[in-house]
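Me: I'd like to learn how to read the holes and the packing in a model like this one. Can you walk me through it?

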Amino acid sequence: MTEPTAAAPRSAGIPKVYNPADVESKWYRYWEERGLFHVEPDQEGTAFSVVIPPPNVTGSLHMGHALNNTLQDVIVRWRRMQGFLTLWVPGTDHAGIATQHVVEEELAKEGQNRWELGRDKFVERVWSWKERYGHIITDQLRRLGASCDWQRERFTMDEGLSRAVRQVFVDLYDRGLIYQGNYIVNWCPSCGTTLSDIEVEHEEQDGKLYHIRYPLVDGGEHITVATTRPETMLGDTAVAVHPGDARYRHLVGRKVRLPLMNREIPIVADEWANPEFGTGAVKVTPAHDPNDFEIGERHGLSRIQVIGADARMTTEAGPYAGLDRYECRKAVVRDLEAQGFLVKVEEHRHAVGRCYRCDTVVEPLVSRQWFVRMKPLAQPAIEAVRDGRVKFVPERFAKNYLHWMENIRDWCISRQLWWGHRIPVWTCGDCGHMFAAVEDPDRCPKCESSRLEQDPDVLDTWFSSALWPFSTLGWPGDTADLRRFYPTSVLVTGFDIIYFWVARMIFMGLHFMGREPFRHVLIHGLVRDALGRKMSKSLGNGVDPLEVIREYGADALRFTLVTGIAPGNDTRYQPEKVEASRNFCNKIWNASRFAMMNLEDFDPGEAPLENRALELHDRWILSRLEWTAGEVTRHLERFDLGEAARTLYDFVWGELCDWYIELIKPRLYGREGEESRRAAQHTLFFVLESTLRLLHPYIPFLTEEVWQLLHDVTGAARPVESIMVAPWPAPSGWRNPAAEEQMADLIDIVRAIRNVRAEKQVEPGRFITAILQAAQDKHDSLRQLAPSIQALARVGELLIRDADASPPERAVAAIAGGVRVYLPLAGLVDVERERARIEAELAETARQLQAVAARLANEGFVRKAPAAVVERERRRREELAEKEQLLRQRLAELE
């Protein structure tokens with residue numbers, strides 16, 4: 001007869017090693033298939049909503065995206081667990097310049113260009129490209145763990161958002177807030193389109209300052225100007241000096257002859273001229289400099305365009321026509337020198353504007369463009385931040401925002417592209433009437449003519465992005481989503497797009513919704529490399545987040561990016577930090593696996609934790625758990641996600657794993673009785689399950705896997721189908737200061753003994769004698785701690801004596817939480833080495849004592865610091881003084 005085979009333990013199937021690749025796709029699919037990211041507006045709960053900063057449809061995940069979306073996901077998962085009706089709207093941006101550039105490159109490989117294809121066919125081609133590749137970035141966000149409501153995914157050129165864009169344009173146009181005019185704009189010769197001021201990145205670079213002599217027409221005198229761009233002098237129409245500059249006051253109103261062009265131009269007085277820069281006299285080229293353009297407007301100067309849209313010199317440049325702008329610079333300098341007009345050339349470092357997309361040097365050109373009149377829109381947006389309806393975190397970024405908004409210029413919104421929202425303005429071919437319309441018109445509203453021509457330009461990409469918080473929720477319709485989830489709760493974004501995007505969303509939301517678009521703006525910094533450099537293609541120091549996920553898992557990357565980060569500050573990506581985060585995940589896995597192996601016979605239906613005879617270790621870890629949950633929640637409420645992560649790390653590694661689990665092993669193995677074992681099991685289950693919930697917003701995949709396994713192994717009923725919708729840990733009354741104080745003594749004593757053992761290189765298996773000297777009122781507590789001290793510090797004989805007892809001879813001493821610890825290590829201590837050690841420790845203790853004493857002697861510190869901090873410093877002074885006295889005593893004994 002065959003013996004029956006024993007049933008395999010339920011934990012037997014748990015792998016020894018955690019492999020993220022086996023877990024992450026499984027659980028993301030589970031969440032998405034069960035609709036756990038999705039909410040409906042008629043569900044109960046306080047609304048909490050976030051709109052994703054839409055990544056470019058051309059993009060792939062980079063470290064900036066990974067940081068931004070991890071921060072959002074931590075907040076969203078936390079609020080969802082708190083019971084809020086949580087909505088995270090995802091989507092992508094059509095990215096006009098970038099997407100058109102990608103498709104044009106594709107065409108070039110096929111020997112074609114967009115002009116040969118024609119506008120309609122080209123736009124079709126871009127849509128086809130978007131359908132093929134536009135999902136890449138959103139698939140990558142899923143790999144990261146972003147818990148977006150994908151059923152609500154939007155695209156800035158989808159049908160609903162396109163209608164919203166037209167509605168906004170027509171409204172602003174009809175109110176006179178959108179106008180067309182000749183104005184100097186930033187022109188990218190490579191992309192072939194205008195750029196707004198904030199799409200121009202200014203970089204400091206080495207250049208030259210050219211001093212050029214302009215002779216007066218009436219002879220005898222000359223005036224010298226200084227310029228960094230001598231090629232633009234061909235378009236000069238004046239020379240400006242400051243009205244208060246005594247050197248040139250007698251020249252105002254006279255004329256000079258423009259070198260090389262032989263054109264007479266006036267000398268004008270204008271406050272823009274800086275008497276302290278160069279010679280104090282500046283050449284004025286209204287067609288090629290924004291400040292000169294304004295001078296020209298004030299003085300009625302003509303505009304002569306000598307550089308064209310292709311960055312080559314125009315016919316107005318005379319003999320230099322057709323030259324590239326930099327070739328022309330060389331030719332002009334050569335000719336100025338040959339004709340005696342070049343006074344000198346100086347080395348000069350200055351800022352040069354470059355296209356944010358292709359890095360080409362931008363050319364200021366006068367062009368007929370569409371603009372938004374900003375002053376009327378900016379003022380309400382300024383007030384919304386000033387009165388606190390919109391709060392920046394950190395607060396210092398509000399100053400940046402306000403400075404920009406208070407000095408804002410009209411926004412150039414037209415782009416010379418084919419991909420994007422085409423400007424909804426038509427001109428009648430018969431009567432010349434120009435009008436804007438939401439729907440494509442068949443006839444002119446003025447003369448009924450059908451000969452209509454639409455403006456060829458498209459809108460700046462940021463125009464549609466500015467509507468994102470309300471257009472994604474259904475505006476201009478009066479939708480249930482809009483009523484329930486607008487205004488949104490928080491916007492998470494980088495400081496580099498406060499002007500591009502944040503400011504524009506605020507004024508658009510206020511104008512069209514009558515409410516601010518979000519209540520908080522959480523600003524984060526850049527992810528830099530290990531040396532603190534910005535990641536860039538040119539430096540070759542970029543890191544692919546997907547490679548990191550493949551090697552270490554998404555949880556490790558997420559925890560790395562968030563740990564230690566402070567709002568608004570940059571963070572450095574260091575491979576060793578990812579390894580540390582991977583080790584942390586492994587620590588959680590190993591601790592959880594150990595717990596589950598010892599919870600096989602755990603009966604969750606037995607007497608609840610509250611009715612158990614809990615031991616010191618249990619009361620301590622429950623108290624620490626409750627403190628940790630409160631601190632993590634407090635930090636999250638303040639958007640200090642990095643500090644919340646650090647708090648969790650310290651609790652999980654430094655308290656739960658290193659101390660509690662080690663302390664209860666004898667109890668779990670049944671060495672201290674069944675009731676003690678059951679109390680340890682109940683406490684371990686409760687603490688582990690609660691800790692998983694606290695960790696979940698940061699480490700969603702691992703925590704889901706362990707949480708599900710924990711319920712499978714123990715047979716405990718799942719309150720919900722996933723940890724992501726389990727309730728966030730709330731206060732339960734477990735705080736126990738007395739237990740924390742007693743355990744702090746235990747930890748200090750064990751650490752002190754372990755440190756001495758390590759320092760003296762005592763064999764790990766050797767049991768030693770320890771003597772504890774303390775005040776009489778501590779003896780009962782120390783006797784209670786004795787078994788744990790002996791087990792954790794490998795102590796055989798443990799003696800407890802009064803504080804005033806004579807110290808043992810030839811023993812190493814340490815101070816641990818007010819307890820003197822003596823370790824008689826006869827035959828193991830080198831007296832000379834011990835003397836040197838004590839002298840070094842004494843010097844360090846004296847240094848610390850001096851620093852604490854200096855702080856307490858500072859009246860400003862004592863007056864301003866919180867009372868608890870001052871009291872802590874006073875206790876530390878007493879401890880250090882006692883330690884110093886003990887060390888001196890031990891040194892004397894050695895002598």
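Me: How many nonpolar, polar and charged residues are in the lining of the largest cavity?

Reply: Keep in mind that this is a predicted model. To read a lining, sort its residues by class. Here the largest cavity has eight nonpolar and two polar residues in its lining, and no charged ones. The cavity has a volume of about 70 Å³, and its lining includes Leu71, His524, Pro567, Phe639 and Gly642. Strand E23 (518–524) gives the most, with three residues, and H20 also supplies at least two.

Me: Which residues line the second largest cavity?

Reply: Ile588, Ala591, Ser592, Val652, Leu656, Cys657, Leu688, Thr691, Leu692 and Leu695 do. By element, helix H18 (575–597), H20 and helix H21 (674–695) each give two or more residues to that lining. H21 has the largest share, four residues. The class split is eight nonpolar, two polar and no charged, and the volume is about 50 Å³. The whole structure has three cavities of 30 Å³ or more.

Me: Now pockets. What is the volume of the second largest pocket?

Reply: A pocket is open, whereas a probe in a cavity cannot get out. The second largest pocket comes in at about 1,400 Å³. Of its 45 lining residues, Thr228, Arg229, Asp289, His350 and Ala351 are the closest to its centre. As for classes, this lining splits into 17 nonpolar, 14 polar and 14 charged residues. E7 brings the largest share, eight residues, and other contributors of at least two include helix H8 (290–299) and strand E13 (342–355).

Me: And which residues have the most contacts inside the largest nonpolar core?

Reply: For a core, look at who touches whom. This one has 201 residues, and Phe169, Phe392, Tyr401, Phe463, Met508, Tyr698 and Ile753 have the most contacts inside it. Helix H20 (residues 641–668) gives the most to the core, with 14 residues. Apart from that core lies another, of 31 residues, among them Ile212, Val239, Ile307 and Cys328. Take Met508 as a sample: leaving aside neighbours within four places in sequence, its contacts include Val168, Leu172, Trp411 and Phe463.

Me: Last one: why does Thr99 count as buried?

Reply: Check relative accessibility against the cut-off, where buried means under 20%. Thr99 counts as buried because its relative accessibility is 1%. Thr99 sits in helix H3 (residues 96–109). Beyond neighbours within four places in sequence, Thr99 is in contact with Val57, Thr58, His94, Val126, Trp129 and Trp419.

Key: Residues are numbered from 1 along each chain as its sequence is written. This is a predicted model: local features need pLDDT of at least 70, side-chain atom pairs count only at pLDDT 80 or more; totals for chains, interfaces and linings use all residues. Side-chain values use heavy atoms; hydrogens and water are left out. On a 1 Å grid over the protein atoms alone, a cavity is a set of points where a 1.4 Å probe fits but cannot get out, and a pocket is an open set with protein on both sides within 12 Å along at least five of seven lines; lining residues have an atom within 4 Å of a point. Grid points are joined across faces, edges and corners, and a volume is the space filled by probe spheres set on the points. Ala, Val, Leu, Ile, Met, Phe, Trp, Tyr, Cys and Pro count as nonpolar, Asp, Glu, Lys and Arg as charged, and the others, Gly among them, as polar. A nonpolar core is a set of buried Ala, Val, Leu, Ile, Met, Phe, Trp, Tyr and Cys residues joined through side-chain atoms within 4.5 Å. Buried means under 20% relative accessible area, exposed over 50%, partly exposed in between (1.4 Å probe, protein chains only). Contact means heavy atoms within 4.5 Å.
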